[in-house]
Amino acid sequence: MAKAARGARLVAENIVVAYPLPTGDELTALEIERLEILSGSHTAVCGPSGSGKTTLLHVLCGIEAPRSGQVCWDAVDLFALGEAARDRWRRHAVGLVFQQFHLFPSLSPLENVLLPARFSAFRVDAAVARRARALLDLVEVRVVGNTARLSRGEMQRVALARALLFAPPILLADEPTASLDAEAAARVAGLMFSACRETGASLLLVTHDAALAARCPQVMHLAAGRLSSAAPEPLSVAS
Amino acid sequence: MNPLPLVFAELRHNHAAVLAVAVLIALAVSLGVAVSAQERALRNSSAAAAEPFDIVVGMPASQTQLVLTTVYLQPAALELIPGRVLQHLQSTPGVRFAAPIAFGDYLGTSPIVGSTAALLTLGGSRSMAEGRPFERVHEAVIGARVAAKLGDVFEPAHGDPSAAAPDGETHVHHGFKYAVVGRLGPTGTPWDNAIIVPVEAVWLVHALPTGHSSGASGARAKPTGEASLLREAAAPNEPQADHLDDDENGSIPIGPPWLEAETPGVPAIVVKANSVGDAYRLRAELRRGGTTAVFPAEILLDLYSTLGDARDVLAIISVAAQALVIAAVLLAVFAVLAARRQQLAVLRALGASRSFVFAVVWCQVMIMIAAGALIGLGLGWFGAQAISRIVEARTGLAMAARIARPELVMVLALLLVGALLAAVPGIISYRRPVSEGLRGS
């Protein structure tokens, strides 16, 4: 449908995220020597709750600065940018999908999809508005209506449409199917993968859904903030 | 960027809370606006009411009461000034006119005030709206709001009708009738409800001497020159009181000069001076010899300073109310903000700048405050009008309550303070770490 965007290549190195504890000690939430994602590839990061999956996602899209380390998407060194520049980059380069959708119930489905366009322009470009409608058409949700009354599956499809508004080269999804029933989950996952294939976007999703992870050629495992490319024994993808 | 679609959607989504907040602000603002506008209206209209009278002369007692009685026709038992003072003032240099004000009778709710033709025309500076000034003792001139017409004949009752006997009996002065020969234009004062008659009539009705020797009636068959001029200019079929003149009083002359020995006392005399210098000199002179003289405007100023204290208290209360309301609004905003922390973080995660998030929060708070302030301005105007109508109905004092600069400044100041305070939640949202908010922790 839209112009085919090339994916982006990620190189993240020596990432350390640590939080001070009330006791005075520190909690190391993330410690990653090197993570590389090829342009246009689909990658799943699996791991139990609290393993640092969400922190990793936040670092990779620049909303949480690591204590040290470097995150480069293509030529963009994320944390060398100022905060405003990073916001701008994220707006156009990254599509984010959350477990809890994070739609605005006060806005119609169409306005939800168009929301990122409001961040930069006073008037929404006609082409962007057309794309928003086309995306809602693709995910099969009516443009008008009460967003709060949509089914959970529909909500996540609207959120996916919002993430795809600017045809971003990077799509990051945080447990995109975890709060959906199997049927809705399958539909969302299908839309997500096909959209990424169509635009060539790099997809990175964190999940504990083994079936979803299995649809990605590259699966990594995160445990206590550390990545490994193989499933750690005996915690595994056995299910 | 354009935060407005989101802002309006959010306001609509939370319309009940938004409305409650706006109404709360509106009530606080309307209180301040109404107090301010009403106080100015009262000041202006009472000053205007006192304007025709430079000096009010009375016996030494409450000067405030003297002014209230003459300017606002508020009934009060005043000690009488000897009649010779009234006659003396007629020929005092610097006096444009000196008119007595004598009370006692009522027709319905209209007080009947005894005076001279000079009061009707304010010494020739005011013309009648209808008809002509009185020229005979049985003639009367009505105020603009009196429900009567030229040619009507009436018989007054003694005393204040509100203090009428419980059996409903009114004390009619049998045999003394007045005919309406003229009407004054509206003044916006209690005088609009008054019936003005020759002071001689009031004396006569109360069985007092009339200031003219009984034998002088023939000598002064013609009224004052000024009045007779008007008389000749009037239409030939104008209302006449001639048939009332057939009794033995009909030939009593009216107006100055009076015979000092035959002139009864009057409760008050209003004096218009030729110049400001004359006014000061006359006041000083009239304060000697057992009488007192006041500038009504000055007495009213004293009254205002008393009223002003009350106004200040009300103003402080209204400002405090506004401050409390704004504080309550901010508290509510913080509560809402805590709940919406995640939403705002989502905006940032989706690529909104910090200023976009600030604008979303600031606009929402500001729109509530602005809507409240504007509604409050309207409500305040409405309230001031309502108070004006009540005061007007009770006192006859026309009060034009308007929204003017002080009220606008007050509302603007509120908006400015609101704009600054609305920035506080805006800044807090601006600085909040996105990652933390996103986790909803």
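# Exercises on a predicted two-chain model

**Exercise 1. Determine whether strand E7 of chain A is enclosed or open to the surroundings.**

Solution. Five of the five residues of E7(A), which spans residues 170–174, are buried, so the strand is largely enclosed by the rest of the structure. The structure is a predicted model. A residue counts as buried if 20 or more other C-beta atoms lie within 10 Å of its own. The next step is to sort the residues by direction. In a regular strand the side chains alternate between the two faces of the sheet. In E7(A), Ile170(A), Leu172(A) and Asp174(A) point one way, while Leu171(A) and Ala173(A) point the other way. Residues of both groups are buried.

**Exercise 2. Identify which strands pair with E7(A), and in which sense.**

Solution. Begin with strand E6 of chain A, residues 94–97: its pairing with E7(A) is parallel and has four bridges. Within this pairing, Leu171(A) of E7(A) is the bridge partner of Gly95(A). Then turn to strand E8 of chain A, residues 202–207, which also pairs with E7(A) in the parallel sense, over five bridges. Here Leu204(A) in E8(A) stands opposite Leu172(A). Finally, consider the connection: E7(A), helix H6 of chain A (residues 182–199) and E8(A) form a β-α-β unit that is right-handed.

**Exercise 3. Establish how far helix H11 of chain B is buried, and what covers its buried residues.**

Solution. First, place the helix in its chain. Chain B has 14 helices and eleven strands, and 43% of its 441 residues are buried. In H11(B), residues 341–349, seven of the nine residues are buried, so the helix is largely enclosed by the rest of the structure. The buried residues are Gln343(B), Leu344(B), Ala345(B), Val346(B), Leu347(B), Arg348(B) and Ala349(B). Next, list the cover: it includes helices H12 (354–395), H13 (405–431) and H14 (434–439) of chain B, together with E6 of chain A. E6(A) is also the strand that pairs with E7(A) in Exercise 2. Just after H11(B), Gly351(B) has a positive phi of about 110°.

**Exercise 4. Assess the confidence of the prediction along chain A.**

Solution. Start with the whole chain: the mean pLDDT is 87, and 94% of the residues reach 70 or more. Then compare its elements. The highest mean, 94, belongs to helix H5 (residues 152–163), and the lowest, 83, to strand E10 (residues 226–228). Lastly, examine residues 234–239 of chain A, where the pLDDT is below 50. This stretch has six contacts in the model beyond near neighbours in sequence.

Technical notes. Residues numbered from 1 in each chain as written. Chains lettered and ligands numbered in written order. Predicted model: local features only at pLDDT ≥ 70, side-chain atom pairs only at ≥ 80, totals over all residues. Buried ≥ 20, exposed ≤ 12 C-beta atoms within 10 Å, placed from the backbone. Helix = DSSP H or I, 4+ residues; strand = E, 2+ residues; numbered from the N terminus. Pairing = 2+ DSSP bridges. Right-handed = clockwise from strand over helix to strand, strands pointing away. Contact = placed C-beta atoms within 7 Å. pLDDT = per-residue confidence, 0-100.
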